[in-house]
Amino acid sequence: MDPVKVAILGTHTMVSGADKPAVEAKVAELVSTGAKLVSKIESLGRNWVATLEDRTAAPDVDGCRVARLGLQVIVTGPDRVAVQKRAQQLMKEGALLKSGPQENTNGWSAVLDEGGVDKTAPR
């Protein structure tokens with residue numbers, strides 16, 4: 001079993017594992033290939049976790065990025081108007097706005113929930 005798990009979440013990557021040096025090594029490897037460390041390596045229960053951003057991932061509509069984490073959707077972008085516009089597009093498809101847009105250290109973001117969206121229905 002691999003001591004480190006890497007989960008790609010849209011434009012972000014989460015690295016986790018029980019062995020801190022192994023997590024540190026994987027984070028260093030990803031940073032060396034162009035990823036940007038977003039959150040430092042921290043203890044979470046029995047694991048060590050860090051989040052990185054893939055700087056090569058291209059933004060989509062209006063400079064925003066959309067990351068899907070299960071049924072949650074996180075829209076990040078350069079300003080409030082762009083994030084709000086992209087969130088409204090997702091809401092027209094049935095997503096529900098949970099929070100935001102709000103300003104954070106990396107720009108603006110909004111969180112939506114696609115729990116009730118029927119992706120099989122024609123649009």
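Start with the largest pocket of this predicted model, which holds about 470 Å³ of space. To find the middle of the largest pocket, select H12, E53, I74, T76 and N106, the residues that lie nearest its centre among the 20 that line it. Now colour the lining by class: you should get eight nonpolar, ten polar and two charged residues.

Which elements give two or more residues to this lining? They are β5 (65-69), β6 (72-77) and β8 (107-113), so highlight those next.

**On to the sheet**

With β5, β6 and β8 on screen, add β7 (96-104). Together these make an open sheet of four strands, in the order β5-β6-β8-β7, with antiparallel pairing. Look along the sheet and you can follow its twist, which averages 15° from one strand to the next.

Why do β5 and β7 each have one side without a neighbour in the sheet? Both stand at the edges with a single partner strand, so there is no strand of the sheet on that other side.

Next, zoom in on β6 and β8, which run antiparallel and are joined by six bridges. Pick T76 again, one of the residues nearest the centre of the largest pocket. Its bridge partner in β8 is S109, so show that pair side by side.

**A last stop: charge and ring**

Finally, select K20 and W48 and show their side chains. The charged end of K20 sits over the ring of W48, and the distance to the ring centre is 4.6 Å. If you go looking for aromatic pairs afterwards, the structure holds zero of them.

Technical notes: Residues are numbered from 1 along each chain as its sequence is written. This is a predicted model: local features need pLDDT of at least 70, side-chain atom pairs count only at pLDDT 80 or more; totals for chains, interfaces and linings use all residues. Side-chain values use heavy atoms; hydrogens and water are left out. Rings of Phe, Tyr and Trp (its six-membered ring) pair if their centres lie within 6.5 Å; planes under 30 degrees apart count as stacked, over 60 as edge-to-face and the rest as tilted. A charge sits over a ring if NZ of Lys or CZ of Arg is within 6 Å of the ring centre and within 35 degrees of the ring normal. On a 1 Å grid over the protein atoms alone, a cavity is a set of points where a 1.4 Å probe fits but cannot get out, and a pocket is an open set with protein on both sides within 12 Å along at least five of seven lines; lining residues have an atom within 4 Å of a point. Grid points are joined across faces, edges and corners, and a volume is the space filled by probe spheres set on the points. Ala, Val, Leu, Ile, Met, Phe, Trp, Tyr, Cys and Pro count as nonpolar, Asp, Glu, Lys and Arg as charged, and the others, Gly among them, as polar. Two strands pair if DSSP finds at least two bridges between them. Axes are lines fitted to C-alpha atoms, for helices over the stretch in contact, and angles run from 0 to 180 degrees between N-to-C directions.
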